[in-house]
Amino acid sequence: MAKHDLSINPPVMNAAGSLGFSPERRARTDWSKLGAFVTNPISLLPRTPAHGERFASYPGGFLLHTGYPNPGLRQVVRRYAQIWARSRLPVIVHLLGNDAETLSEMTRQLENMEGVMGVEVGVSGEADAETVVSLTRAASGELPVIIRLPMERALELASSAIQAGAMAISMAPPRGSLFVSVGAMAQGRLYGPAVLPIALKTAGDLVKQGVPTIGAGGIYAQEDIKAMLDLGAMAVQVDSWLWRGSGAIDKELVWKP
Amino acid sequence: MGYYTGRVSEIRLEVGGQWEIRILCPGEAIPAPGQYLLASDSTDRTAILGTPIFISEEISQGFWASPLFPVPWGPGTSLDLEGPLGHGFNLPRNTQRLGMVATGEIISRLKPLMTSLADRQTGVTLFTDLKIPRLPEVVEVSPLATLKTALDWPDFLAVDVPLNHLGELRGLLGVGNEARSPCPAQVLITTPMPCSGMARCGACAVNTRKGWRLACEDGPVFELSSLLW
């Protein structure tokens, strides 16, 4: 693989957090329908699950607040590096970008690792443009870098990331709040078809700005993927669609170039 | 674990408002008590998530299922089934007196344990404040308030409790901060499992003495002694 090569063919992949750490968990899945595999978000040190309400549903979708639990990069690499190396799918490792120094350390550990095609850096909802630039530069090296921006702020931050060296922008689920019981409010990421309109609008606006865009959010049908690509997205990420049951990739994702 | 096709042949409304669904499917697809299948309507492209379904009663050519969430399925609905998933109840073979505790919204996930013991002359008592559906004749029913004083009776406890009510078990069992069960016990933790183990997303995480575990994959039945509650 050439340095900074980021070709995803077919232009469809799972979103970070939707299929675990390696493309082996559900054996029946026809992985040839995906062009890359994106790992769950990984931090340098282990992270435990979030406390409080972690799931709440609403018409058209659901809210999820998990805290991105993971065993830390060292354990993930120990458990999954050989599977990534054997995988026929190129792997994009999603890193939680808390600070530039940590991110740089994590990225260096992944360089020259067989099967790893690139890194995707998850940027928190509070990040400003300066932070985005700092994180992008810290992650940049031998591997192509995708910066995953909060959907609500993607338009504001995308150009900073691209100018700092990101190969593409992907879109994190929007955040929201729901009352789950009297006096109890849950906050978290929003998934489901109800997200699609805002995702299409955001992806279309990013493309108009000339930003290489990986569209994501609310994809629940082949037509949704096509709509995202027709807007000019270079690729599409699918998330909770894959959780609908055994047939989501096999039966419903029929890639036609 | 495997992938199967099933068909809804009948639905019934149990006492307490719990819908149960009769599913015809291959025998290999039938989950053990406490295990679950991930089920989805084969033709419905509008569903947002698959639905975990538990066995409430085994029948010829299938089982009566208790879904974790209400579902819009009716007789004739074709289902994609994935599983059985997770770890179910594992009762000791020498259980003579089984105590069961249902503190959530339904009893049906414990029912297959009752029927499996019905012809073994095992004493079975269900402690619950819920409305009682049809149960095997051998089952005695007592209110939850009596559990604390009856704990010298069972030699094994099977519990169905929502994750966010786990701490209430301490009061029901009359134990203090040490939270040790008076007899061996297994707990079916009911909680949303949005990814059903596909992603290890963490939404169903349970705190155990060995760290965080996932109800979808490591449970949903846990040894009570393994839980931090």
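**Close-up views of a predicted two-chain model**

B:Cys204 is buried, with a relative accessible area of 2%. The model shown in these views is predicted.

**View 1. Cysteines of chain B that remain unpaired.** The cysteine sulfur closest to that of B:Cys204 belongs to B:Cys216 and lies 3.6 Å away, too far for a bond. B:Cys195 is likewise buried, at 2% relative accessible area. Its sulfur is 3.9 Å from the closest cysteine sulfur, that of B:Cys201, which is also too far for a bond. A disulfide is a covalent bond between the sulfur atoms of two cysteines. Because the cut-off for such a pair is 2.5 Å, neither the distance of 3.9 Å nor that of 3.6 Å qualifies. Over all chains, the search of the structure finds zero disulfides.

**View 2. The interface of chain A and chain B.** Here 31 residues of chain A are in contact with 32 residues of chain B. About 2600 Å² of area is buried between the two chains, and carbon and sulfur atoms give 58% of this area. There are zero salt bridges between chain A and chain B, whereas nine residue pairs are in polar contact across the interface. On the side of chain A that touches chain B, the elements giving two or more residues are strand 4 (61-64) and helix 7 (248-252) of chain A. Strand 4 gives the largest share, three residues. The residues on this side of chain A comprise eleven nonpolar, 13 polar and seven charged.

**View 3. A salt bridge within helix 5 of chain A.** The structure holds 14 salt bridges over all chains. In one of them, A:Lys208 pairs with A:Asp205, with the closest N and O atoms 4.0 Å apart. Both residues lie in helix 5 (residues 196-208), three residues apart, or about one turn of the helix. A:Lys208 is exposed at 72% relative accessible area, while A:Asp205 is buried at 17%.

**View 4. A buried salt bridge in chain B.** The side chains of B:Lys111 and B:Glu20 meet at 3.6 Å, N to O. This pair links distant parts of the chain, 91 residues apart: B:Lys111 lies in helix 1 (residues 111-117) and B:Glu20 in strand 2 (residues 19-24). Relative accessibility is 4% for B:Lys111 and 1% for B:Glu20.

**View 5. A salt bridge between two loops of chain B.** B:Glu217 and B:Arg200 form a salt bridge with the closest N and O atoms 2.0 Å apart. B:Glu217 lies in the loop between strand 13 (211-214) and strand 14 (221-223), and B:Arg200 in the loop between strand 11 (185-190) and strand 12 (205-208), so the pair ties together parts that are 17 residues apart in sequence. B:Glu217 is partly exposed, at 22%, as is B:Arg200, at 27%.

Technical notes: Residues are numbered from 1 along each chain as its sequence is written. Chains are lettered from A and ligands numbered from 1 in the order in which they are written. This is a predicted model: local features need pLDDT of at least 70, side-chain atom pairs count only at pLDDT 80 or more; totals for chains, interfaces and linings use all residues. Side-chain values use heavy atoms; hydrogens and water are left out. Buried means under 20% relative accessible area, exposed over 50%, partly exposed in between (1.4 Å probe, protein chains only). Contact means heavy atoms within 4.5 Å. Buried area is the accessible area (1.4 Å probe) that two parts lose on being put together, summed over both. A polar contact is a pair of N or O atoms within 3.5 Å; within protein, one must be able to donate a hydrogen and the other to accept it, and residues adjacent in sequence count only if both atoms are side-chain atoms. Helices (H or I, at least four residues) and strands (E, at least two) are DSSP runs, numbered from the N terminus. Ala, Val, Leu, Ile, Met, Phe, Trp, Tyr, Cys and Pro count as nonpolar, Asp, Glu, Lys and Arg as charged, and the others, Gly among them, as polar.
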